[in-house]
Amino acid sequence: MPTVLLPPRHYLNNGYGIRSWLLTRDHKRIALLYLAAVTFFFFVGGAFAVWIRLDLATPAGDLVSDETYNKLFTMHGVMMVFFFLIPAIPSVLGNFLVPIMIGAKDLAFPKLNLASWYIYMLGGAFTLYALVSGGVDTGWTFYTPFSTASSTTNVIPTALGIFITGFSSILTGLNFIVTIHRMRAPGMTWFRLPLFIWSTYATSLINVLGTPVIAITILLVAAERLFQFGFFNPALGGDPVLFQHLFWFYSHPAVYIMVLPAMGVVSELVAAGCRKPVFGYSFVAFASLAIAVLGFLVWGHHMFVAGESVYSALIFSILSFMVAIPSAVKVFNWTATMYRGAVSWETPMLYAYGFIGLFTIGGLTGLFLAAIAVDVHVTDTYFIVAHFHYIMVGGTIMAYLGGVHYWWPKISGRLYNEGLAKLSAGIIFIGFNLTFFPQFVLGYLGMPRRYHAYPEEFQVLNVLSSAGASILGVGYLIPMVYLMWSLRYGRAAGSNPWGAVGLEWTTTSPPPTENFSQTPVVTWNAYEYSPKVDHVA
Amino acid sequence: MSPDGAAQASHIGEVSGHHSGLAHQFDSLAQQREAATLGMWCFLVTEVLFFGGLFLTYALYRGWYSGAFTAASRELLIWPGTINTVVLITSSLTMALAVHAAQTGDRRSLILFLAVTMLLGSVFLGIKGFEYYEGFLEGHFPGPRFQFEAEHFREAQIFFSLYYLMTGLHAIHMIIGLGVMAVMVWMSWRGTITAEYYNPIEVSGLYWHFVDIVWIFLFPLLYLIGRHA
Amino acid sequence: MMSEHILPKRLYYTVFGLLMLCTYLTVQAAFIDLGVLNTVVALAIAVFKATIVVLFFMHVKYSTRLTWAVVLGSIFWLGILIVLTLSDYLTRRWLTYGGA
C-alpha cells in the first residue's frame, strides 16, 4: 500500500509569513484565523466559568464578593455567546467549507470576509478592554434600567464591543447568502446541496435579519447611558420591557444561530458515519428554514414574568411549542439514518451521537419552559441554566468539536491520534453531564441563577456540578494538545480518509488555494453512498 | 490524484486578456454583477431592521404620549425639514441619472451627476446642522438643559430623544454615503467604470436611495404629527 | 440582472415629479385636522413615495424574483418586529393575571 503524502502545493504553503495570513483573501486561511480567535475567547469565557463553579462549591459566597460574582457571570455569558457560540461554526467551519461544498473557488466577497475577521477582533478587543478595566455586572442580557441608569461598570465599552462584532456576523451571513445563491458549481442544484449548506444558509438568514436589531438596541442603551434619554427608564417615562422586546427579538433567534450550524454538522457526520444518505433529506432541509423563520416568532417566552400581556404570552407559548417541531423532525431523521446504517464509532461520530442525545434533552426541557405554568416557577432558576447549557454545550460545542475532528484531516492534511480523541470525547461527555444535570434538579428545587451564595441544602448538587466542570475543562484541553501535535507529526490524511461523499472529499487534503483543479460538474445527489458513483480519490 | 496546483488553475474563469473588472472567484461579469446587487440588497435588509427598532420605539411612545409628541413636533421648524426632503429626493433623482449615465457609458454625465448628488447631500447635512444648532439653543436636547412646557415636560424629552437619535443616525448614514460617492467619483474619473462594469455605481445608488427612503418616513413622523390649530 | 433594462430618463423625471407632488400633499395634509386619519394619510403617502423609489429608482420592478423576495422579506420581518411587540402593549389591559 503506497504511503499517503501531502500534496506539494496547497493553501497552507501558498505563501509564508505573517502578511500572507493577515492580508489573505483565501476563505480557508480566514477560517483558521477565526479558529485561533474563537479558541482564545472560548478559554477566556471558560476561565470565568471555572471561577463561578469554584465559588459555588460552597454555599457561602466566600470566594468572591457578590459584585465580583455579577461580573464573572456577565463576562462568561458575553464571551461565550457573542465571541464563541455565535461565530464558531459559521466562521470556522462555514468559512472553510461553504465554497468547497458548493464547488466554488471562494466566497462571493473575499475581502469582505477578511474584513469580517478584523471587525470581530476589534469587537473582541473592546470587550477585553472593558473586562480588564473593571468588568461589567449587568448580566449578558443587559436588562434596563439597571444597565442604563444604575450600573457603574463598563457597560458602554462592552456594549460597543458586541455592537462591532455584530457587524462581523452580518457580513459573514451576507457573504454566505450571496455565495450559496450565486456561486454553486454547474449541476449543484439546491436539492443536491449538503445539509450543512442548508443549515448555514438558514443561519445566515437569521444573522442578516436579527443582528441589526440587537445593534440598534445596544445603541439605545449606550445613548440612554450617555445622554440620559428615557426610553427604558420608568422614571423618565420609558418602559424597561421595551428593551426586553428589542433584546430578545435578536437574542432568541441568536440561539438558533448557535444551534442550526451545529445541526448541519451533525447531518454531515451522521451521513458519513453511517454511510447512508440522511433520511428525509428535503424534510431536514426545510426544517432548517422553518427553524430560522419560527425562531423569530417566539422571543416573548423570555418575558413571561416580565409583565407582558397574558394574550401575548399565550401566543408566544404556542409558537414556542411549534418551533420544537422542525428540531424534532431532524432528530427523528438522524435516528432513522442510523437505523440499518453502517454505524461507526470514530470520534466525530461519537460527538454526533452525543449531540443527538444531549440536544434532545435540552430541547425537551425547552418544551417544559414553553408551558407558561411551568416557566413561572423555574424561570431565573438553575433549570434554565441547565436547559440552555444542554443545548449550547451538550449540543453546539459537541457538534463543533465533532466537525473540527471530522474536517481536521481536510483542513490540516493530517490525522490526529484517534485514541486520545476518543478519550477526550468520553471525558467531555461525562464531565458535561456531571456539571449540568444536577443543575436541572437544583433549579427545580428552587435555587436561583446568578446568585453567588445559596442555602446549605443545595451544596451536594453544587459540588457535583463543580466537580463535573473540572472534568469538562480537562476534556476540552486534551484536544488542544493532540490537534496541535498532529499539525507537525500527524500522518498525512489523503483526500478522503473517511470514505465520505461530498465535494470537499474530492479535492486534496489540504486543498489548493483555489479549492479544485477544475470546476466540478455535479451530477449526483448529496450523500450518494453508492459504488456506482465515480469519485476522484 | 493530486492536482497540478495553482498554475493550471489560474486560468479558471479568467476573461481572456484585458482588465475587465472580473474578480477571480467569479466566472462571468454577469455573475459578479448579480452577486454585488444581491449583496447590497442583503445589507439593506439589515438597515431596514436596524432603523426598524427605532421606528418601533417611536410607534410605542407616540401611542402612549400622543399629546406630548404633537406638541413637541410643532417645535421643529417645518421649512428646513421640507427643504431637506426636497433636496434629498432630488439627490435620488440625480443618483438614478448617474446610474443611467454609467449604463450608457457617458462618463462625463456620470461624474457630473455624482458630484451634484454629493452637493445635494452636503446641503442636506448643512441644513440639518443648522437645525441641530437651533435646537440646542431652544433647549430641545434632552438632559439638564431641556426646556418645555410643564404639562408635557417628561414625555416631550422622549420625543426629542427619538428625534435626535433617528435623524442623527440618518445623518451618519448620509455622511457615509458621501464618502461612498467620493469613491465613486474617483473610480469614474479613473475610467474604472464602463458600460459593461458599473456595479459600484449601481450598488452605491441602492444605498443612497435607501437613505432617502428612511428620510421619507422620518419627515412626516417627526415634523408633521399635527400642525393644525 | 437588470443592465438589460436601461430605463428612459423620462421615467425618472416622472417619478421625481410624483415624489415632489406627494411631498407637497403631505405637508398640506398636516395642516388639516383629520383626526386619527392624519397619521393614516401621512403614512400612506410615505409608503407610496417609498414604493416608487424602490420600484423605479432602485429598479426593483425589473429585477429578479430573488430581489423581490429580499425586499418583501425585509418589510415582512419589520412587520413581525413591530406587530408582535405592539400586540403585547395593546393587549396589556385586556386581561390581567389577577383577573381584575
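Helices, as the word is used here, are DSSP runs of at least four residues, numbered from the N terminus. With that numbering, Pro145(A) can be placed in the loop between α5 and α6 (146–150) of chain A. The structure that holds this proline is a predicted model, and the paragraphs below lead through its backbone, its interfaces and its empty spaces.

The loop between α5 and α6 of chain A is a useful place to begin. The peptide bond that leads from Thr144(A) into Pro145(A) is cis, with omega near -5 degrees. Phe142(A) is also found in the loop between α5 and α6 of chain A. Its phi is near 50 degrees, which is a positive value in a residue other than glycine. A further cis peptide bond runs from Ser509(A) to Pro510(A), with omega near -10 degrees. Pro510(A) belongs to the segment after α16 (459–489) of chain A.

Another part of chain A to examine is helix α1 (residues 18–22), where Ser20(A) has its place. Which residues does Ser20(A) contact, leaving aside its neighbours within four places in sequence? They are Gly15(A) and Arg29(A). The side chain of Ser20(A) has a polar atom 3.5 Å from the backbone oxygen of Gly15(A). The side chain of Ser20(A) also reaches the backbone oxygen of Gly17(A), at 2.8 Å. To gain a sense of scale, the reader may locate His245(A): this residue and Ser20(A) are 225 residues apart in sequence and 44 Å apart in space, C-alpha to C-alpha.

The text now turns to the interface of chain B and chain A. Here 41 residues from chain B meet 47 residues from chain A. The area buried between chain B and chain A is about 3800 Å², and carbon and sulfur atoms give 72% of that area. How many salt bridges does the rule find across the interface of chain B and chain A? It finds 2. One of them joins Asp27(B) to Lys105(A), with the closest N and O atoms 3.2 Å apart. Across the interface of chain B and chain A there are also 9 residue pairs in polar contact, both residues being at pLDDT 80 or more. On the side of chain B that touches chain A, at least two residues each come from α1 (6–9), α2 (29–64) and α6 (153–190) of chain B. The largest share of this side, 19 residues, comes from α2(B). By class, the side of chain B that touches chain A has 27 nonpolar, 10 polar and 4 charged residues.

Chain A also meets chain C. In this case 24 residues of chain A are in contact with 16 residues of chain C. Chain A and chain C bury about 1800 Å² between them, with 71% of it on carbon and sulfur atoms. The rule finds 0 salt bridges across the interface of chain A and chain C, while 6 residue pairs are in polar contact, both at pLDDT 80 or more. The elements of chain A that give two or more residues to the side touching chain C are α7 (155–182), α8 (195–227), α9 (240–274) and α11 (310–338). The residues on that side of chain A comprise 16 nonpolar, 5 polar and 3 charged.

Empty space is the last topic. Rolling a probe the size of a water molecule over the atoms shows where empty space is left. The structure holds 7 cavities of 30 Å³ or more, and the largest cavity contains about 130 Å³ of space. Of the 16 residues that line the largest cavity, those closest to its centre are Ile86(A), Pro87(A), Thr165(A), Ser169(A) and Asn207(A). The elements α4 (88–102), α7 and α8 of chain A give two or more residues to this lining. Which element gives the most to the lining of the largest cavity? The answer is α7(A), with 6 residues. The lining has 8 nonpolar, 8 polar and no charged residues.

The second largest pocket has about 1500 Å³ of space. Of its 41 lining residues, the closest to its centre are Phe109(A), Lys111(A), Leu112(A), Met40(B) and Val203(B). Its lining draws at least two residues each from α5 (110–132), α7 and α8 of chain A and from α2, α6 and α7 (199–223) of chain B. The largest share of the lining, 8 residues, comes from α2(B). The lining of the second largest pocket divides into 27 nonpolar, 11 polar and 3 charged residues.

Methods: Residues are numbered from 1 along each chain as its sequence is written. Chains are lettered from A and ligands numbered from 1 in the order in which they are written. This is a predicted model: local features need pLDDT of at least 70, side-chain atom pairs count only at pLDDT 80 or more; totals for chains, interfaces and linings use all residues. Side-chain values use heavy atoms; hydrogens and water are left out. Contact means heavy atoms within 4.5 Å. Buried area is the accessible area (1.4 Å probe) that two parts lose on being put together, summed over both. A salt bridge is a side-chain nitrogen of Lys or Arg within 4 Å of a carboxyl oxygen of Asp or Glu. A polar contact is a pair of N or O atoms within 3.5 Å; within protein, one must be able to donate a hydrogen and the other to accept it, and residues adjacent in sequence count only if both atoms are side-chain atoms. Ala, Val, Leu, Ile, Met, Phe, Trp, Tyr, Cys and Pro count as nonpolar, Asp, Glu, Lys and Arg as charged, and the others, Gly among them, as polar. On a 1 Å grid over the protein atoms alone, a cavity is a set of points where a 1.4 Å probe fits but cannot get out, and a pocket is an open set with protein on both sides within 12 Å along at least five of seven lines; lining residues have an atom within 4 Å of a point. Grid points are joined across faces, edges and corners, and a volume is the space filled by probe spheres set on the points.
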